[in-house]
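Visitor: Got a minute to walk me through this one? I'd like the overall picture and then any odd backbone spots.

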Amino acid sequence: MSGAPRSMPSKKAASTRRCSLPHSSSPSSFLLLLLLVAVLTTMTVQAFTRLPLPSSGRTLTCISSQPKPHLAPKTCAPPTTSSPSSSVLYASFFAPKPSVPNKGKKEGKGVRQVRSYFEYWNQRRMDEAVACFSEDCSYEDTLYPCAFIGKEALKKHLFRVADALPDSFVFVLDEISDGGNVVGVQWHVESEGNQLPFTRGSSIYKLDPSGTGKLSYGFDVPEPTVKSGSASLALLSLVGRLLDEPRKVLPLAGFLFYCWFVFLSTVAPGPNALSLDPATWAEVRDLSLNFWLVMPAIAPSSSPVLHPCLEGLFNFLLAWAALFSGFMVDGKVLRSGQREGEVEEEEKKEGNGFLPYVLGMQLLTNAIYLPYLVVRKKAWNPREEGREEGYTLTKAEAFGESKIPPLVFTAVGVLALVWAGLARGEMYGGDERWGTFFDILRRDRLTFSFVVDLIYFWVFQGWLMGDDWKRRVGGREGGGVWLALCKTVPFWGLAAYLVARPALLPAGGEEEE
């Protein structure tokens, strides 16, 4: 009824209207607001729990990195970079998450193909492993003498290797280098999670240049089982010397033949060195006691008694070997580890590379001399020394330059020949001396080896004379027939050269007129 008067609202109704939510609000909006407050509260609590509590007091304070005594502690303010605590709070909200290495960076085609190849290999899916390579691929494994050319050859090789290794053997990639079309890999082999010894290696792979995306080349360098070390270095050094001076092939070939013929072969008379014949070793002992005929001369009753021709041959050979000490300057070198310019002049300690060989030649003659002819370095020459610095000779080199030693060694050689022809006449007289000696020569390996040594000394007697002559006359021609005779005439030619040769040139120049 429109005309009826309106009734006044009660106080309870008015109170209810005042407490009601705005018309625009809804239960869902209210719940969303509560959820947001809860999340912010949780994040704030977590951030504050990371802050270190002060050692005293109940109020959490921000400690400045440079505290000032006249300022009172401050309560935590909005995040700033001036204090560690606020920095931690700021970092907890706004610091970026740690980045994942190489995240988003794509590997090249070559790396992906190499990874696929190793994965297929470890799963023994060899057909798919081979499919990673182009039809005309080339694969080199340094354990094999030749490369595997073509897919079929590579397939046979991979299957042969896979059949030989247990299924538990897998390749693990340690490092991989992406060079675009060239990929380098460092790997090792494991079995059931354990790395196997001597199974490290490196490989290089190349993508097919035609753009097929497949590998066209592989090169494996497995870790060697036998660590040759210095032996490999010595072999490389030998090859280098042969390439620099091809004529060194002659003493090398002579040395190999000598060792085989004298020590190992069954062609030469008598038992070889492998037989360890007691009579041969007793003969070596007795000849050594009569070294240079010293004991037979001063104590004939105590010295061993052997055939005089054998004793003479042995000591003549040793006298000839001793004459090579006249070439001692051929081995003039600085001590190992010292090179020109690395040490002060007064601190240099010089050695000689030929001295150990000269001493060894008194025991094994050509088995020591021939290797020196192969491994000797560039011959020393006084002209290459500085005029101001000059050069000095070691005691061994000064001994070799003296005229007295070759005269002494020549005298020993003459005495040995006289001994062979005249000594022990009461036991070996007339034709019996030479007949019995030739009988020994036909059946005794040691006596026969002495004759072989004499022939070798004769052939290689002049090998060092050419360089030695240049140290004394420089670039000037000289010697001629006389030098040729010294090289050719056995024993006496070497002795004559060492006695009559000119002195060494001064440092850095030609011979003074």
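Guide: Let's go from the whole chain to two backbone details; keep in mind that this is a predicted model.

Visitor: Okay, how many helices and strands does the protein chain have?
Guide: There are 20 helices and eleven strands in the protein chain.

Visitor: And what share of the residues is buried?
Guide: Of the 513 residues in the protein chain, 36% are buried.

Visitor: What about the surface, how much area does the chain expose?
Guide: About 31,800 Å², with carbon and sulfur atoms supplying 63% of that.

Visitor: Switching to contacts: what share comes from residues 24 or more positions apart?
Guide: That share is 62%, counting contacts in the protein chain with a separation of 6 or more.

Visitor: Now the backbone. What's going on with phi at F198?
Guide: F198 isn't a glycine, yet its phi is positive, at about 60 degrees. Most residues other than glycine have a negative phi.

Visitor: Where does F198 lie?
Guide: In the loop that links β7 (194–195) and β8 (201–207).

Visitor: Is F198 buried or exposed?
Guide: Somewhere in between: F198 is partly exposed, because its relative accessible area is 43% and the partly exposed class runs between 20% and 50%.

Visitor: You said two details. What is the phi of T365?
Guide: Positive as well, about 40 degrees, and T365 is not a glycine either. T365 lies in the loop between α12 (355–364) and α13 (366–375).

Visitor: And is T365 buried or exposed?
Guide: T365 is buried, since its relative accessible area is 6% and the cut-off for buried is under 20%.

Notes
Residues numbered from 1 in each chain as written. Predicted model: local features only at pLDDT ≥ 70, side-chain atom pairs only at ≥ 80, totals over all residues. Heavy atoms only, no water. Helix = DSSP H or I, 4+ residues; strand = E, 2+ residues; numbered from the N terminus. Buried < 20%, exposed > 50% of the residue type's maximum accessible area, 1.4 Å probe, protein only. Contact = heavy atoms within 4.5 Å. Areas by Shrake-Rupley, 256 points an atom, 1.4 Å probe, with all protein chains shown as cover.
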